[in-house]
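Student: Could you take me through a model, feature by feature, and show how each one is read?

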Amino acid sequence: MIHSILSAALVFAVLVVVHEAGHFAMAKKVGVRVLRFSIGYPPKLFGFRRGETDYSIGATPFGGYVRMLGDEVGEKPTPEEIALYLHEVGLDLIGAAREHGAAPTGAGFDDNLHALAERLSESAAGVAHSVIGRELKPDEALLLNEARGQAKVDDIIKSLSEHPPTLLVEAYCKRAFPTQSLGKRVLIVLAGPLANIVFAPLLLTFVFMYGVPQLLPVVGKTTKDLPAAKAGLQAGDRILAVNGQPMETWADFSKTVKAGDGSPIKLEIDRQQKGASAHSMIVIKPTRLDQKTIYGTNATTWVIGVQPRGDEITKRYGPFGAAKEAGQTSVEMSVQLVVGIGSLFAGNTPVREALGGPIMIAQMAGQEAHRGLANLAMFTVMLSLELGIINLLPVPLLDGGHLLFFIFEGVKGKPLELRYREAMLQVGLFLLVALMAFVIFNDISRIVQG
């Protein structure tokens, strides 16, 4: 059980880092200030500050977030937001001085900022370079100028935030998320799900280069009264070719049979008889079968009624072959996932059969980890695609919900009114909490029922 929990935690941590790194990287690229990059939710266990961002690890796992400057789209900055921004500006100055080897000698935030204010002035660019390694920005110079000679920095920040000068508001708006253009905000929000989707083929490429265990096309069992048994296929037979096409793996064999649309197939087999190898041909006509996919959807497929014996090889690809195979596999998995989600919403798939929660994911992660690194990586790929695609659904609180707000804004020419956004977010929160409760109950039910 511990192994499963640790495996699941590792997988989730990787996927959260990838997702939030997408938001983070795009925000930084377009000039938005990122206040915090957190893996896990508060309370904070530990962290550090690098540049203008706090990096932290939270005590609550299975999640994470990127906090950017500003909260509400299209709203003017509130005094609280300006105050937070000024506090961050002060931390920037103190951090820059420390990194430049000229750290103030004060014991706390106020003392450090006062010490810097005494050493720096708006006009003394040369002094600024010697202390913080660069010139002062306008908002930094404003804060230091106000701090010079005054006792409490909190009072200074409160005064400036309640009556912010124009240059302070301009500096805030330049770095805040809400005041960016609609296109930039769309890119920032979209970057998280896209990071997960792009991560899948990248990880798969390394998996295919590392080596993937693959079943050999050796028959282990035939099902009575189905075409393979009726045609004389036996346990131990190795499938060499189907319709003249060589079969290297069981996956190749299975894919070829299913793709035939029920047409008769000619199998070239190798059968061991009395220590000798004998080749022969068998013609089999597949039969139609309705079955469920791993995503819970109903699918019609063509089968002949055989199961593999379990013989395995490790197949490795070169860089280009691995990239090609990874791309194709990612597309196939994505299509299956989208079809599965569509089937779920259409009511064609029972919800209890299709949805699993953290308990089931932990169980599956543990099982795949026991089977090997490649299997765990493949499971991570599947979850990464799911996380990316599901986050694009137009549900408030998900990235897709924010994109939906942006669509309204683009159509109307102004942001959706705050009261409507708040109402939709409350509905989204209720739905997500209800969904989480349902999947956890569903997981427990599966365990109880065996």
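Tutor: We will go through charged pairs, burial, helix packing and a surface patch in turn. Please keep in mind throughout that this is a predicted model.

Student: Let us begin with the charges: how many salt bridges does the structure hold?

Tutor: The general idea is that side chains of opposite charge can pair when their charged atoms come close. In this model there are 14 salt bridges, and a useful one to begin with joins the side chains of arginine 33 and glutamate 88, with 3.5 Å from N to O. This pair links distant parts of the chain, since arginine 33 lies in the loop between H1 and strand E1 (34–50), whereas glutamate 88 belongs to helix H2, 55 residues apart.

Student: Is arginine 33 buried or exposed, and is glutamate 88 buried or exposed?

Tutor: The cut-off needed here is that a residue counts as buried under 20% relative accessible area. Arginine 33 is therefore buried, at 2% relative accessibility, and glutamate 88 is buried as well, at 7%.

Student: Which other residue meets glutamate 88 in a salt bridge?

Tutor: The side chain of arginine 49 also forms a salt bridge with glutamate 88, at 3.0 Å from N to O; here, too, distant parts of the chain are linked, with arginine 49 in strand E1 and glutamate 88 in helix H2, 39 residues apart. Arginine 49 counts as partly exposed, because its relative accessibility is 23%. Arginine 49 also meets the side chain of aspartate 92 in a salt bridge of 2.9 Å, N to O, and that pair again joins helix H2 to strand E1, across 43 residues.

Student: What surrounds aspartate 92, leaving aside its close neighbours in sequence?

Tutor: Aspartate 92, which sits in helix H2 (residues 79–99), is buried with a relative accessible area of 13%. Not counting residues up to four places away in sequence, aspartate 92 touches Arg33, Arg49, Gly51, Glu52 and Glu140. Taking a wider view, Asp92 belongs to a network of salt bridges that links Lys28, Arg33, Arg49, Glu52, Asp54, Glu88, Asp92 and Arg175.

Student: Where is aspartate 237 found, and what does it touch?

Tutor: Aspartate 237 is in the loop between helix H9 (227–231) and strand E5 (238–242), and it counts as buried because its relative accessibility is 1%. With residues up to four places away in sequence left out, its contacts are Pro217, Val218, Val219, Gly232, Ile269, Asp270 and Arg271. Separation in sequence and separation in space should be read side by side: aspartate 237 and arginine 309 are 72 residues apart in sequence, while their C-alpha atoms are 9.5 Å apart.

Student: Turning to helix packing, at what angle do helix H13 and helix H14 pack?

Tutor: One reads the angle together with the distance between the axes: helix H13 (residues 358–371) and helix H14 (residues 373–390) pack at about 145°, and their axes are 7 Å apart. On the H13 side the contact is made by Ile361, Met364, Ala365, Glu368, Ala369 and Arg371, which meet Asn375, Leu376, Phe379, Met382 and Leu383 in H14. By character, the residues of this contact comprise eight nonpolar, one polar and two charged.

Student: Finally, which residues make the nonpolar surface patch of about 310 Å²?

Tutor: That patch is made by Ile2, Ile5 and Leu6. Isoleucine 5, one of these residues, is placed in helix H1 (residues 2–30) and counts as partly exposed, because its relative accessibility is 38%.

Definitions and conventions: Residues are numbered from 1 along each chain as its sequence is written. This is a predicted model: local features need pLDDT of at least 70, side-chain atom pairs count only at pLDDT 80 or more; totals for chains, interfaces and linings use all residues. Side-chain values use heavy atoms; hydrogens and water are left out. Axes are lines fitted to C-alpha atoms, for helices over the stretch in contact, and angles run from 0 to 180 degrees between N-to-C directions. Helices (H or I, at least four residues) and strands (E, at least two) are DSSP runs, numbered from the N terminus. Contact means heavy atoms within 4.5 Å. Ala, Val, Leu, Ile, Met, Phe, Trp, Tyr, Cys and Pro count as nonpolar, Asp, Glu, Lys and Arg as charged, and the others, Gly among them, as polar. Buried means under 20% relative accessible area, exposed over 50%, partly exposed in between (1.4 Å probe, protein chains only). Patches are made of residues with over 30% relative accessible area and no salt bridge: like charges are joined within 9 Å, nonpolar side chains (Val, Leu, Ile, Met, Phe, Trp, Tyr) within 5 Å. Accessible areas come from the Shrake-Rupley method with a 1.4 Å probe; for residues, only the protein chains shown count as cover. A salt bridge is a side-chain nitrogen of Lys or Arg within 4 Å of a carboxyl oxygen of Asp or Glu.
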